[in-house]
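Here are a few notes from going through the helices. Have the model open while you read.

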Amino acid sequence: WMGRRRFTQVDTARYFGWHEAVISRYLSGHRRPNLVNALRIEAQTGIPAKAWLTAVAAPATRPVRGVA
């Protein structure tokens, strides 16, 4: 959807009226939208709310120490 519209994350954040960090976290899988936001995404993009609500969150990562 973003690619078809040639939207950046900043453009998408403005489109929805959300902070850029929210879009980044949704796209990276570090956070999922709540039901209201998932339904809003679906209404405005055609991406099913179910896809956002059932997506597996990205695993937490930690820097590896002592690796050169």
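1. Start with the outward side of α4: Leu35, Val36 and Ala43 are exposed there, on the face turned away from the helix's buried side. Keep in mind throughout that this is a predicted model.

2. Now flip α4 over. The helix spans residues 35–45, and its buried residues are Asn37, Ala38, Ile41 and Thr45. They sit on the same side of α4, because they cover an arc of only 105° around the axis. The spacing fits the usual rule: with 3.6 residues a turn in an α-helix, residues three or four places apart point the same way.

3. What do the buried residues of α4 pack against? Their partners are α2 (9–16), α3 (20–28) and α5 (49–53).

4. α3 can be read in a similar spirit. Val22, Ile23 and Tyr26 are buried in this helix. Looking down the axis of α3, you'll find these buried residues within an arc of 95°, so they line one face. That buried set packs against α2, α4 and α5.

5. Check the start of α4 too. A side-chain oxygen of asparagine 34 comes to within 3.2 Å of the backbone nitrogen of valine 36. Valine 36 is also one of the exposed residues from point 1.

6. Finally, look at what comes after each helix. Glycine 29 follows α3 and has a positive phi, near 85°. After α4 comes glycine 46, with a positive phi near 90°.

Definitions and conventions: Residues are numbered from 1 along each chain as its sequence is written. This is a predicted model: local features need pLDDT of at least 70, side-chain atom pairs count only at pLDDT 80 or more; totals for chains, interfaces and linings use all residues. Side-chain values use heavy atoms; hydrogens and water are left out. Buried means under 20% relative accessible area, exposed over 50%, partly exposed in between (1.4 Å probe, protein chains only). Helices (H or I, at least four residues) and strands (E, at least two) are DSSP runs, numbered from the N terminus. The arc is that of the directions from the helix axis to the C-beta atoms. Contact means heavy atoms within 4.5 Å. A polar contact is a pair of N or O atoms within 3.5 Å; within protein, one must be able to donate a hydrogen and the other to accept it, and residues adjacent in sequence count only if both atoms are side-chain atoms.
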